[in-house]
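Hello,

Here is the structure we spoke about. Please have it open while you read the notes below.

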Amino acid sequence: MNIDHGGRYQDLADISARTPLGEVPTVLRRMLGLRLQQLRKERRLTQQEVGQGIWASGSKVSRIESGMVGLGRRDVVRLLNFYGITDADEHDRYLSLVQLGDQPGWWHQDRDALPKGFELLNLESAARTIRCYEPAVVPELLQTDEYARAVLRLRYPYLPGDEIDRLLAVRLQRQQVLDRADPPYLWILVEESALRRPIGGDAVWRNQLDHLEDVIQAPNVSLQIVGDNACGSVRAVCGFLYLRFIDTQLPDVVCVAQPNSMLYLEERRDIECYLRIADLIAVEAARPGNTAAWLESLKSEANRMPS
């Protein structure tokens with residue numbers, strides 16, 4: 001099923017074919033450039049002055065800030081030091097973007113590199129709107145610790161425990177975006193069948209549903225359940241995440257999960273395709289005001305089932 005600019009459908013496989021699997025989105029380079037640009041402007045410096053200060057040209061500083069060129073660790077450290085940023089944790093926040101931009105595919109090529117999901121940590125932390133469709137499990141941003149660990153063990157059955165711990169730590173850190181003072185608006189579409197799966201066992205599953213009931217009380221969270229009689233999983237054969245950023249200079253991004261990587265889409269026609277699919281699924285799904293009652297119904301049905 002497919003959509004073009006005129007509203008007709010086009011094969012989603014065409015979109016995948018245009019974007020290399022696992023390619024880190026240019027939005028990460030742009031994000032790093034904008035952060036460095038902000039540091040410069042806060043210090044009332046011109047690009048030419050910065051270029052002279054780091055033994056480069058003003059045009060190079062311009063290309064860095066626009067995200068037109070990749071950055072090495074040395075360039076970033078030199079800029080940060082020039083701007084008076086010496087805190088090690090602050091350096092790490094900038095350098096994590098460098099590592100992602102320099103090593104597309106690191107998540108399945110280097111076991112000692114940053115764990116899966118780290119690129120989403122950077123993207124989600126800068127988002128003002130997050131839309132998500134999930135057909136298989138409770139969406140990652142709303143998972144409890146125990147449920148998330150059980151999902152990771154199912155997806156990566158051959159990984160050792162310490163690797164699972166690393167993946168879990170990143171997932172839990174991603175969830176902190178919902179606790180910030182100005183959290184993004186989170187609009188979730190999840191299949192009823194995903195909520196029925198007792199992943200991790202009955203107690204873990206029930207705790208997860210309880211957690212969802214708590215989360216949806218927040219004014220910035222909207223959760224719609226796509227009933228088994230709807231066609232969400234047919235309209236979109238896999239889950240996806242849409243991000244719109246606080247900084248309007250950053251382009252919207254759609255992230256599509258792959259078995260060993262993440263597919264990032266930034267072309268406007270691709271973005272519109274997935275947004276239209278999300279809108280169609282949302283129309284078929286139950287209203288957000290019915291979600292709490294639906295979750296209670298799922299737990300009640302389980303109570304009535306013979307042991």
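Phe240 is buried, at a relative accessible area of 5%. One caveat before going on: this is a predicted model.

Phe240 sits in strand E4, residues 240-245. How many aromatic pairs does the whole structure hold? The search returns 3. In one of them, Phe240 meets Tyr133, with ring centres 5.9 Å apart. The planes stand at 40 degrees, so this pair is tilted. An angle over 60 degrees would have made it edge-to-face, and one under 30 degrees stacked. The link spans distant parts of the chain: Tyr133 belongs to strand E1, and 107 residues separate it from Phe240. Tyr133 is buried too, with a relative accessible area of 0%.

Phe240 also pairs with Tyr274. Here the centres are 4.9 Å apart and the planes make 65 degrees, an edge-to-face arrangement. Tyr274 is in helix H14 (residues 268-284) and Phe240 in strand E4, so this pair ties together parts 34 residues apart in sequence. Is Tyr274 buried or exposed? Its relative accessible area is 5%, so Tyr274 counts as buried. Taken together, Tyr133, Phe240 and Tyr274 make up one aromatic cluster.

Next, Cys132. This residue is in strand E1, which runs over residues 127-134. Its relative accessibility is 11%; the cut-off for buried is under 20%, so Cys132 qualifies. Which residues does Cys132 touch, leaving aside those up to four places away in sequence? Phe240 is one of them, and Leu241 is another. The rest of the list is Pro139, Trp187, Ile188 and Leu189. Cys132 also comes to 8.1 Å from Ala278, C-alpha to C-alpha, although their positions lie 146 residues apart in sequence.

Trp187 has a further partner. Arg131 lies over the face of its ring, at 3.8 Å from the ring centre.

Last, a backbone point. Most residues other than glycine have a negative phi. Arg44 is not a glycine, yet its phi is positive, at about 55 degrees. Where is Arg44? It is in the loop between helix H2 (26-42) and helix H3 (47-53). Arg44 has a relative accessible area of 78%, over the 50% cut-off, so it is exposed.

If you look at two places, I suggest these: the cluster of Tyr133, Phe240 and Tyr274, and the loop that holds Arg44.

Best wishes

Definitions and conventions. Residues are numbered from 1 along each chain as its sequence is written. This is a predicted model: local features need pLDDT of at least 70, side-chain atom pairs count only at pLDDT 80 or more; totals for chains, interfaces and linings use all residues. Side-chain values use heavy atoms; hydrogens and water are left out. Helices (H or I, at least four residues) and strands (E, at least two) are DSSP runs, numbered from the N terminus. Buried means under 20% relative accessible area, exposed over 50%, partly exposed in between (1.4 Å probe, protein chains only). Contact means heavy atoms within 4.5 Å. Rings of Phe, Tyr and Trp (its six-membered ring) pair if their centres lie within 6.5 Å; planes under 30 degrees apart count as stacked, over 60 as edge-to-face and the rest as tilted. A charge sits over a ring if NZ of Lys or CZ of Arg is within 6 Å of the ring centre and within 35 degrees of the ring normal.
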